[in-house]
2 protein chains.
Amino acid sequence: VIDLSRLSLNQATVKRLTLPEAVDLCVQYEIGGIGLWRDRVAETGVSDSAAAIKRAGLHVSSLCRGGFFTHTDVEQREIAMADNRAAIEEAAALEADVLVLVSGGLPPGSRDLPAARQAITDALAELVSRAQELGVRLGIEALHPMFCADRCSISTLAQALDVALQFPQEAVGVVVDTYHVWWDPKLATEIQRAGERIASYQLCDWVVPLPADMLLGRGHLGDGHIDFGSITEAVEAAGYDGFIEVEIFNQQIWDAPANDTVSTVKRRFTDLLA
Amino acid sequence: VIDLSRLSLNQATVKRLTLPEAVDLCVQYEIGGIGLWRDRVAETGVSDSAAAIKRAGLHVSSLCRGGFFTHTDVEQREIAMADNRAAIEEAAALEADVLVLVSGGLPPGSRDLPAARQAITDALAELVSRAQELGVRLGIEALHPMFCADRCSISTLAQALDVALQFPQEAVGVVVDTYHVWWDPKLATEIQRAGERIASYQLCDWVVPLPADMLLGRGHLGDGHIDFGSITEAVEAAGYDGFIEVEIFNQQIWDAPANDTVSTVKRRFTDLLA
């Protein structure tokens, strides 16, 4: 049984709202946490965003996102690393629990997955000291294997964890997003192994058929095939006691009135977990 | 270096051809193996298919497919089991190296993945003795995790292998299809562990963006992101010395003249592996 006070609304779920609008909605619906996206933070400004969130009494459960570490082009890589350093500073200013990392896929023309995966570890090694200086925790997110080529070559929780374990626990954790990992036959084992490394727990459902843009094939909790009860139980048993974000990318949900969306998010969270 | 004599054309790659037409094309292009599909076999008739293949001097590297084991409805399940028994008889009549199994996803309304996975093992346990009687080998195919909900809850080679290992080696093996497993960080390890359990090796490329129907997101070897060299090397090192099938589901390829398709299949196989 999860207390409703642990619900956090990821901003992507109400994609059309500005940051202040999303903050207001959280207050209105008595949701205590918010997951932020950097484009919306930039639009409002980092300081004004931090101030608005503080005034509202909200907690920032995550900032999305850093990553895209796999460039082989030297200049592209340096741009990516600078962007990651900026993201770390923003996460610090916003007092986010974690900076979520989408690590990047195969570089153009490459079929060398081991090299891409090594590049991810190498980039993290460069960023960790800065994260530690600012007290920011980096969260490696395993993306669904269908994104392995073009978005993220970290495809399982086991793999994310194996990378995270190479760095200090307070600086690098893993993100468990049900959409990406629900299918994994080793999921329960790996959640247990992750333990205190779990830096974020994100929920949305797997709905079939997926739309043409696979990024948007996510549904409200209960609309798809994921057993949130058993996964949440494993995450709890592993010791995770932080916020639980609902993060849904779905064109129909984005087109719906944001109030309806948040109302549904809260009701489904209550029905399925609380 | 793979000998070109090990190339097999999976019939699905030239989907619009009847079985006799596909057989003729193999002869014309000096391809020694063919992977068959049951709908085309049924259209020609099992005996006539077997005779045509024998006349042409072809070897049947696989028959697709059995499976769909996860029905909870008793009547549906019995229909599926009867169909699997028929498929085993067809595989025997055609002297196919393996009957490929697509095991089935979550039954309607269910979110219980462990139960679906157990149902797959249970169904195999019922079929194995019949397969042994007829000298047919069943091949458990791991499908890409994006098909976990609706087509096949066996999502990794490790998982397929763990199921196969519960049965005699000559009766149950695993199918390694690059499209489904290329992303897996444990792939090399699991191929090695599979060893003599590898009953079939199938190739096609992973092309992004995937089309709206994810089943059709496959490309000619070299058109996508898969490193066929390293995977094939692992499969060889594991001891697999059977046919290597090229199996491509792709609307554009199906719409192309079959001669062009087979010519490309053979050229790419040669360029990348032979």
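User: Let me start with one residue: is Met81(A) buried or exposed?

Analyst: The general idea is to look at how much of a residue's surface is still accessible, with anything under 20% counted as buried. Met81(A) has a relative accessibility of 1%, so it counts as buried. Keep in mind that this is a predicted model, so we're reading a prediction here.

User: Okay, and where does Met81(A) sit in chain A?

Analyst: Look for helix H4 of chain A, which covers residues 74–93; Met81(A) is in there.

User: Which residues does Met81(A) touch, if I skip its neighbours within four places in sequence?

Analyst: Skipping those neighbours is handy when you want to see what the fold brings together. Met81(A) is in contact with Phe69(A), Ala123(A), Glu126(A) and Leu127(A). You can also check a C-alpha distance: Met81(A) and Gly66(A) are 15 residues apart along the chain, and their C-alpha atoms are separated by 9.1 Å.

User: Let's zoom out. How many helices and strands are there in chain A?

Analyst: Chain A has 11 helices and 10 strands. Its C-alpha trace spans about 45 × 40 × 35 Å along the principal axes.

User: What does the radius of gyration tell me about chain A?

Analyst: You set the value for the chain beside the one expected for a compact globule with that many residues. For 274 residues the expected radius is near 19 Å, and chain A has 17 Å, so the two agree. Two more numbers fill in the picture. Buried residues make up 59% of the 274 residues in chain A. And if you take the contacts with a separation of 6 or more, 80% of them are between residues 24 or more positions apart.

User: What about the outside of chain A: how much accessible surface is there?

Analyst: About 10500 Å², and 50% of that belongs to carbon and sulfur atoms.

User: How do I read the confidence scores for this model?

Analyst: There's a score for each residue and there are scores for the model. Chain A averages a pLDDT of 97, and 100% of its residues score at least 70. The model itself has an ipTM of 0.96 and a pTM of 0.97.

User: Now the rings. How many aromatic pairs are there over all chains?

Analyst: Ring pairs are picked by the distance between centres, and the angle between planes tells you the kind: over 60 degrees is edge-to-face. The count is nine aromatic pairs over all chains. Take Trp37(B) and Phe249(B): their ring centres are 5.8 Å apart and their planes are at 70°, so this pair is edge-to-face.

User: Why does that pair tie together parts far along the sequence?

Analyst: Trp37(B) lies in strand S2 (residues 33–37) of chain B, while Phe249(B) is in the loop between strand S10 (244–246) and helix H10 (251–255), so the pair ties together parts that are 212 residues apart in sequence. Trp37(B) counts as buried at 16% relative accessibility, and Phe249(B) is buried too, at 13%. Phe249(B) also pairs with Trp254(B); that pair is tilted, at 6.2 Å centre to centre with 45° between the planes.

User: And which residues do ring pairs link into a cluster in chain A?

Analyst: Trp37(A), Phe249(A) and Trp254(A). Charged side chains can lie over ring faces as well. Lys15(A) lies over the face of Trp254(A), 4.9 Å from the ring centre, and Arg218(A) lies over the face of Phe249(A), 4.3 Å from the ring centre.

User: Last topic, the backbone. Which residues does a cis peptide bond join, with omega about -5°?

Analyst: Omega is the angle to check for this. One such bond joins Cys64(A) and Arg65(A), with omega about -5°; Arg65(A) lies in strand S3 (residues 59–67) of chain A. Another joins Val208(A) and Pro209(A), with omega also about -5°. Pro209(A) is in the loop between strand S8 (205–206) and strand S9 (218–219).

User: What is the phi of Phe68(A)?

Analyst: Phi is another backbone angle, and here you look at its sign. For Phe68(A) it is near 50°, a positive value in a residue other than glycine. Phe68(A) lies in the loop between S3 and H4 of chain A, and at 28% relative accessibility it counts as partly exposed. In chain B, Phe68(B) has a positive phi of about 50°, and this residue is partly exposed at 29%.

Note on methods:
Residues numbered from 1 in each chain as written. Chains lettered and ligands numbered in written order. Heavy atoms only, no water. Phe/Tyr/Trp six-rings, centres within 6.5 Å; stacked < 30°, edge-to-face > 60°. Helix = DSSP H or I, 4+ residues; strand = E, 2+ residues; numbered from the N terminus. Buried < 20%, exposed > 50% of the residue type's maximum accessible area, 1.4 Å probe, protein only. Lys NZ or Arg CZ within 6 Å of the ring centre and 35° of its normal. Rg over C-alpha atoms; globule rule 2.2 N^0.38 Å. Contact = heavy atoms within 4.5 Å. Areas by Shrake-Rupley, 256 points an atom, 1.4 Å probe, with all protein chains shown as cover. pLDDT = per-residue confidence, 0-100.
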